[in-house]
Amino acid sequence: MGIPIQVATRRRMRAFGQTLCLSLLLTGCVPNGPTPPPSIERLHIDGSADPTRPILLRWDPIDPGWGRIGVVYRVRARSAPHGTPIWEQTGTKPSIQLPAGLVPTGSPLSITVEVGDGSPRTWSHPRSLTVQSGPDLDGDGIEDRLESRITRTFAPQLRFNRRVSGDTSHQNRDEIFFPTSIRTLERWLHSEWVPQVDPDTGKTSYVMNPWGHPFLTFPAHRSRSPFGHFSDDDDRGTTFTGRPGNERASENRYSDLMRAHAPDGHPIAGRSLPGMHIDGIPENLPGDLPSQCTLYTHVYPISKTTHPTGIREERYGVEYWIFYAQDTAGRLNTGRIGLSGLSIRTGGHIGDWEHVSYEIVRESSSSGREIRLDLVRGVYYGHGHAIDTPRSQIRFVPGTQHPRVYISWGKHASYPAPGIWRNEAPFYDDIFHGNGVTIDTWKTQLLDLGERQAIRAPCAWAAFEGRWGQTDLFGLASSPTGPMQKGSWGSLVSQWTYQQWTQQLGIKLD
Ligand SMILES: [Ca+2]
Ligand SMILES: [Ca+2]
């Protein structure tokens, strides 16, 4: 669900407040309070590229106390962008299932949602989005259904660390910071109260969000720019002033991430500005529950050859990207130089993008029938290292094609096998026994990022060229850039062979 549909939002409903409230005054229906009723905040769509399967459209509900008669939503579909309506339905729930077959392959369909109070003249300005179903929406030459099948077939099992007895290392701990979807991050960024994990005890408590909303910081210009959401439409932060029926909205105070303003007043889209980073992420956010884990995926073509036998061989790369809201290294093992009384916390940063990559071989007979789909090698990343691992050294979940990924405590580096790397950095151990929380990611959400030139609309934030977090400790613990900004995007280039990793770096495998 939710992967290969391309969604684009049509924005702006700035005049909504004035129009609707004026209309309400004329009909004698005045909403409570001096401000217009809240609009439908956001549209989300879950669906499949398969036009024979239904698509679920949902949105944030408005305050049910608003309408005097009752809140009604009207959903209309028309051929994009300005075609005549071909389907319409009203309802009281903030979601609707579009009939299978409504979205034709290849042609965009515009869907609008309006809210009313049940009387015919009070429909709000429509909030709209465009959906498109097609064989190759990200334009990489791979049918999107095959991309989706590859990501699910080889989705990894993430194995986190748990403390073991007999090891006095400060990194010998239960994992406390787990994968975080961008949607969850967004929700926390706008929440008044947020969960916070104590890095020493691992206990979670709720604290007041010290920021209240996200913003971008441009250190070189000493300026800040607030934004609302990472993707899609947004006017949640729009403020209204004036008397009812004559409000003025202060526009563009908030926008979505890619329309946030740079110091020169232009949007940041397509620009890499010095030091630009997302600010306002609270410290020590724990992450999603394992069952709600989201991985962001990328499939791209590597090669195509036809053997003399007529067998056609295709090679693909598949990447699994994981965001953690917090990274930590815990405390230094100063006891190793006789200073056990000295407790120094070190090397953590807000925001953490990690990933693993695999090479996939697909063979088809001369008649086009698939006869092989195999994972042939992997590259595991962390701490600036990339370990090239042949299939023979990859540990799979028994009876499946799902590789196991062993994730180091706190820093979240990925390894092909469980173990310990003593003093990976001075007085710091990377510990990755994989004996703790386990996440079977093929059972959770896999969201395709698309390609740089055709980013999937729900992941519009992937175009952001700055850093995901406000940490920059003299470059020692900087928050990272996003997946598409990494040199390893669309590449299987590695630094170490598996043999070098195990024999030259002092790794002790379990
Ligand atoms: Ca494709
Ligand atoms: Ca792709």
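Q: How many bridges join strand E20 to strand E21?
A: This is a predicted model, in which local features need pLDDT of at least 70, side-chain atom pairs count only at pLDDT 80 or more, and totals for chains, interfaces and linings use all residues. Residues are numbered from 1 along each chain as its sequence is written, while chains are lettered from A and ligands numbered from 1 in the order in which they are written. Strands (E, at least two residues) and helices (H or I, at least four) are DSSP runs, numbered from the N terminus, and two strands pair if DSSP finds at least two bridges between them. E20 covers residues 370-382, E21 covers residues 385-390, they run antiparallel, and the number of bridges is six.

Q: Which residue in the hairpin of E20 and E21 takes a positive phi?
A: Tyr-380 stands opposite Ile-387 in E21. The hairpin has two residues between the strands. The phi in question is near 55°, and the residue is His-383.

Q: Which residue of E30 stands opposite Asp-388?
A: E21 is also joined to strand E30, residues 496-497. Two bridges link them, and the strands run parallel. Opposite Asp-388 stands Thr-497.

Q: Which strands stand at the edges of the open sheet E23-E22-E9-E26?
A: This sheet has four strands with mixed pairing. An edge strand has a single partner strand, so one side is left without a neighbour in the sheet. The edges are E23 (414-415) and E26 (438-440).

Q: What is the bridge partner of Arg-159 in E22?
A: Strand E9 (residues 157-159) and strand E22 (residues 404-407) run parallel. Three bridges join them. The partner of Arg-159 is Tyr-406.

Q: Which residue in E31 stands opposite Gly-419?
A: Three strands form an open sheet in the order E25-E24-E31, with antiparallel pairing. Its edge strands are E25 (428-432) and E31 (507-509), each pairing on one side only. Three bridges join E24 (residues 419-425) to E31. Opposite Gly-419 stands Leu-509.

Q: Why are the buried residues of helix H3 on the same side of H3?
A: A residue is buried if 20 or more other C-beta atoms, placed from the backbone, lie within 10 Å of its own (exposed if 12 or fewer, partly exposed in between). In H3 (residues 182-189) these are Ile-182, Leu-185 and Leu-189. They are on the same side because the arc, taken from the directions from the helix axis to the C-beta atoms, is only 55°.
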